[in-house]
Amino acid sequence: MSLKAFYGWVYREEPRVAPVVDAILPSQVEKLRLDPYQAIHLSLPERNECLPQLWEDWIKRRVVVSEPLPTLYAYSQTFYQYGERPQAYQRLGIIGLLTLDALLLPHEKTLDSRLEAICQTYRHLLLQTTPIHVLASAAWEAIFPLLQNYLSCPRFSVGGVDGVMHRWTPIHHLKHQEFICEKIGRGPFFIADGHHRWKAALDVGAIHLLVYVTPLQDGSLHIVPTHRLVEGKVPFLEALQKYFEFRSSTARVPLWREIQGLRYAIGIVEPGGKAWTARLRPSYWSYLQERPMISWLHEWVFDSAEKVEFSRDPIRMIEAATRGEGWAFLLPPLRIEEVHQAALQGQKLPPKSTYFFPKVLSGMCFYYEGDTRIGFAAP
């Protein structure tokens, strides 16, 4: 099934958008909750039982209004990727609906606690507040000029705290919608970000999925590594000795940069602060043709740990290990080719294996599954 337009709900005035759960700090959550009409009340609710009343109140007060016609949204994210040579990117895509029987290919397992929280929210109010980011091969060279024309005067523009500029605007024109959907095609669609929301929608019996579709082959796609803080009585160094060669970290550069300059390497910080670089032994390099290193690490040590915490901040992980709170494992980023391979082969990488930057925002538009109106797009 191809992409389709829908009756979106949007903020009538200034949008009160929020970062997704993986990109928000606890201090930000508290600040955003002070606004009674912030999208975070629907995307990360505190009391699920109040959601239907809350949504009804927003509609009555015209905090949110429905699009007059079925809609697709042109959406762009403009951002920098910082490295040795900072580079500016603009990611263009389309927000619309896919049916859940579309050919959607996941690449990552979900965390039970996070999945159940979203399912509970959907059971109280089947309102999708955040598009799932999916990738697709399509005739993007034909679609992009149309999107750029629409975004030359967007309905909304919002700058994020991470330096990303988000712009989006509705596409009501019937012929333009048909053109875009035809060029997008029927997939397959690779899930980049939003596995928990996708699985929760499946589990509660939703019919449609709110998605943000961007090109599969996109130079702006960047996967940020998610590091691990591991607790347990497992002798981790001994357990990995069979697979890795260990060397004491030189400390000439930060450990997370040191491993990026080494082939098939990870960084390890023991409780107390002693740091190591661990390089995969050549006899195991062939293993990586079957699965990425992160999958093998979970099989070899992480799955037997008592507790695993995740963070994109390597300094936080190192500091926690130095305080004796666990073992810090600093990991290199996955390559997009490894993600494609896992999805195509039906392999599920461990939870939190990938973090695609930048994230979409919650509250740009809302899709309410209970809305059954029939309408026509503008000619």
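These are my notebook entries on the fold, one sheet and the nonpolar cores of this structure.

**Entry 1: overall picture**

I am working from a predicted model. I counted secondary structure first: the protein has 12 helices and 22 strands. Next came the radius of gyration, which is 22 Å. The globule rule gives 21 Å for 379 residues, so the protein is as compact as a globular protein of that length. Along the principal axes, the C-alpha atoms fill a box of roughly 65 × 45 × 35 Å.

I then checked burial. Buried residues account for 54% of the 379. The accessible surface is about 17800 Å², and carbon and sulfur atoms hold 51% of that. I also looked at contact range. Taking contacts between residues at least 6 apart in sequence, 80% join residues at least 24 apart.

**Entry 2: the sheet**

In what order do the strands of the open sheet run? I read it as E15-E17-E16-E19-E14-E18, 6 strands with antiparallel pairing. E15 and E18 (307-311) are at the edges. Each has a single partner strand, so one side of each lacks a neighbour in the sheet. From one strand to the next, the twist averages 25 degrees.

I went through some of the pairings. E16 and E17 are antiparallel and joined by 5 bridges. Within that pair, Gly267 has Thr277 of E17 as its bridge partner. E16 also pairs with E19, antiparallel again, over 3 bridges. There, Val269 stands opposite Ala328 of E19. On the E14 side (residues 227-231), 3 bridges link E14 to E19, also antiparallel. Arg228 is the bridge partner of Phe329 in E19.

**Entry 3: strand E19**

Which way do the side chains of E19 point? Trp327 and Phe329 point one way, Ala328 and Leu330 the other. All four residues are buried. That fits the general pattern: in a regular strand, side chains alternate between the two faces of the sheet.

I followed Phe329 further. Leaving out residues up to four places away in sequence, Phe329 touches His227, Arg228, Val230, Phe236, Leu240, Ile266, Gly267, Ile268 and Phe302.

**Entry 4: the nonpolar cores**

I looked up the largest nonpolar core. It has 39 residues. Which of them have the most contacts inside the core? They are Leu240, Phe244, Ile266, Ile268 and Phe329. At least two core residues come from each of these strands: E11 (189-193), E15 (244-248), E16 (265-269), E17 (275-280) and E19 (327-330). The helices H8 (236-240), H10 (293-300) and H12 (336-344) also supply at least two each. H10 gives the largest share, 5 residues.

Another core lies apart from this one. That second core has 37 residues, including Leu98, Leu126, Val134 and Tyr150. As background, nonpolar side chains tend to be buried together in soluble globular proteins.

**Entry 5: helix H10**

Since H10 leads the core count, I checked how enclosed the helix is. Of its 8 residues, 7 are buried, so H10 is largely enclosed by the rest of the structure. The buried ones are Met293, Ile294, Ser295, Trp296, Leu297, His298 and Trp300.

What covers the buried residues of H10? The cover includes the sheet strands E14, E15, E16 and E17. Helix H8 is also part of the cover.

Technical notes. Residues numbered from 1 in each chain as written. Predicted model: local features only at pLDDT ≥ 70, side-chain atom pairs only at ≥ 80, totals over all residues. Heavy atoms only, no water. Core = buried A, V, L, I, M, F, W, Y, C linked by side-chain atoms within 4.5 Å. Buried < 20%, exposed > 50% of the residue type's maximum accessible area, 1.4 Å probe, protein only. Contact = heavy atoms within 4.5 Å. Pairing = 2+ DSSP bridges. Axes fitted to C-alpha atoms, helices over the stretch in contact; angles between N-to-C directions. Rg over C-alpha atoms; globule rule 2.2 N^0.38 Å. Areas by Shrake-Rupley, 256 points an atom, 1.4 Å probe, with all protein chains shown as cover.
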